[in-house]
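This report covers a protein model that is predicted, not experimental. It goes from a loop to a surface patch, then to helix packing and salt bridges.

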Amino acid sequence: MAVVLKATPVTFVAHALAAACAVLVLVWCISFRGGLAWEATNKSLIFNIHPVLMLIGFIIIGGEAIMSYKSLPLKKEVQKVIHLVLHAIALALGIVGIIAAFKYHNESAILNLYSLHSWLGIGIIVLYAIQNRKFKYHSESECQKIRRGSASLRSDSLPWHVIFGMFVYGLAIANAALGFLEKLTFLENSGLNKFGAEAYLVNFTAIATVLYGAAVMLTVYAQKEQEGDDYSYSSIN
């Protein structure tokens, strides 16, 4: 007998994990790392903006954008607007988060773009921007098509939008875990207790992030209790 995965309970789990991730990264950066600042003599405070914005701004809000079709009991047109707006916010905050990392490196005389995490990060942001710009273009084209009585472009392009979007989002989750590992390794090499509270906190934050990403992806393939038209994220099933 096939097991049917319902979207609503999965989104509840995802929202709870999102809250946990947000709390964990804020506790780490504020309580353990001293806080956040755009201008500071302690340059580490500038860096702290990076994990906060990349996790809360990019990963979590981006995930909420993906889940909006399954978690919001609204009309499809409204869901689509919310989906696009949340993705735009996630992209903007992700860009600011990357700028914060560059600013920290430049003001601390540290080389930029020397690690796999940084290479993947730039690539992911570029792909994310292309993905959302491309779908916006398709959406505008679809409107013109629909006015002429055809929705073929819409139905043909959406599955690829979903697949490519999940690929980019999966990369973002993996790179976030890689970033936590990289930063924790630097801290431990600088004397941080490998079995101390901060080390455990960073590892648990990374685990919660991976679980959140998995929950977000499950919602895409989960069955919504009351499906709307065929152009939701479930259309590839």
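Ala-109 counts as exposed, because its relative accessibility is 75% and the cut-off for exposed is over 50%. The residue sits in the loop between helix 4 and helix 5. Its phi is near 60°, a positive value in a residue other than glycine. Leu-113 is found in the loop between helix 4 and helix 5 as well, and it has a positive phi of about 55° although it is not a glycine. At 39% relative accessibility, Leu-113 counts as partly exposed.

**Nonpolar surface patch**

Leu-113 also belongs to a nonpolar patch on the surface, together with Leu-116, Trp-119, Leu-120, Ile-122, Val-126 and Ile-130. The accessible area of these residues together is about 630 Å². One of the members, Val-126, has its place in helix 5, which covers residues 116-147. Is Val-126 buried, partly exposed or exposed? Its relative accessible area is 42%, so Val-126 is partly exposed.

**Overall fold**

The protein contains 7 helices and 0 strands. Read from the N terminus, the order of elements is α-α-α-α-α-α-α. Of the 237 residues in the protein, 45% are buried.

**Helix packing**

Two packed helices are described by the angle between their axes and the distance between the axes. Two pairs are described here, and both involve helix 7.

Helix 3 (residues 49-71) packs with helix 7 (residues 197-221) at an angle of about 20°, and their axes are 8 Å apart. An angle under 35 degrees counts as roughly parallel, and helix 3 and helix 7 are therefore roughly parallel to each other. Helix 3 passes helix 7 in a left-handed crossing.

Helix 1 and helix 7 have axes that come within 8 Å and cross at roughly 155°. Angles over 145 degrees count as roughly antiparallel, and helix 1 and helix 7 are therefore roughly antiparallel to each other. The crossing of helix 1 and helix 7 is left-handed.

Within helix 3 lies Ile-66. Ile-66 has a relative accessible area of 5% and is therefore buried. How far apart are Ile-66 and Val-162 in sequence and in space? They are separated by 96 residues in sequence and by 9.2 Å in space, C-alpha to C-alpha.

**Salt bridges**

The structure holds 4 salt bridges. The table gives the N to O distance for some of them.

| Side-chain pair | Distance, N to O |
|---|---|
| Glu-198 and Arg-33 | 2.7 Å |
| Glu-39 and Lys-103 | 3.1 Å |
| Lys-103 and Glu-107 | 2.6 Å |

The side chains of Glu-198 and Arg-33 meet in a salt bridge. This pair links distant parts of the chain, 165 residues apart: Glu-198 is in helix 7, and Arg-33 is in the loop between helix 1 (7-32) and helix 2 (44-47). Is Glu-198 buried or exposed? Glu-198 counts as buried, because its relative accessibility is 6% and the limit for buried is under 20%. Its partner Arg-33, at 25% relative accessibility, counts as partly exposed.

Glu-39 and Lys-103 also meet through their side chains in a salt bridge. Glu-39 lies in the loop between helix 1 and helix 2 and Lys-103 in helix 4 (residues 76-107), so the pair ties together parts that are 64 residues apart in sequence. Glu-39 is exposed, with a relative accessible area of 56%. Lys-103, at 14% relative accessibility, counts as buried.

Lys-103 forms a salt bridge with Glu-107 too. Why are Lys-103 and Glu-107 separated by about one helical turn? The reason is that they are 4 residues apart in helix 4. Glu-107 has a relative accessibility of 33% and therefore counts as partly exposed.

Which residues are linked in a network of salt bridges? The network consists of Glu-39, Lys-43, Lys-103 and Glu-107. Among its members, Glu-39 is exposed, Lys-103 is buried and Glu-107 is partly exposed.

Methods:
Residues numbered from 1 in each chain as written. Predicted model: local features only at pLDDT ≥ 70, side-chain atom pairs only at ≥ 80, totals over all residues. Heavy atoms only, no water. Patch = residues over 30% accessible without salt bridge, like charges linked within 9 Å, V, L, I, M, F, W, Y side chains within 5 Å. Areas by Shrake-Rupley, 256 points an atom, 1.4 Å probe, with all protein chains shown as cover. Buried < 20%, exposed > 50% of the residue type's maximum accessible area, 1.4 Å probe, protein only. Axes fitted to C-alpha atoms, helices over the stretch in contact; angles between N-to-C directions. Parallel < 35°, antiparallel > 145°, perpendicular 65-115°, else oblique. Left-handed = near helix turned anticlockwise from the far one by under 90°.
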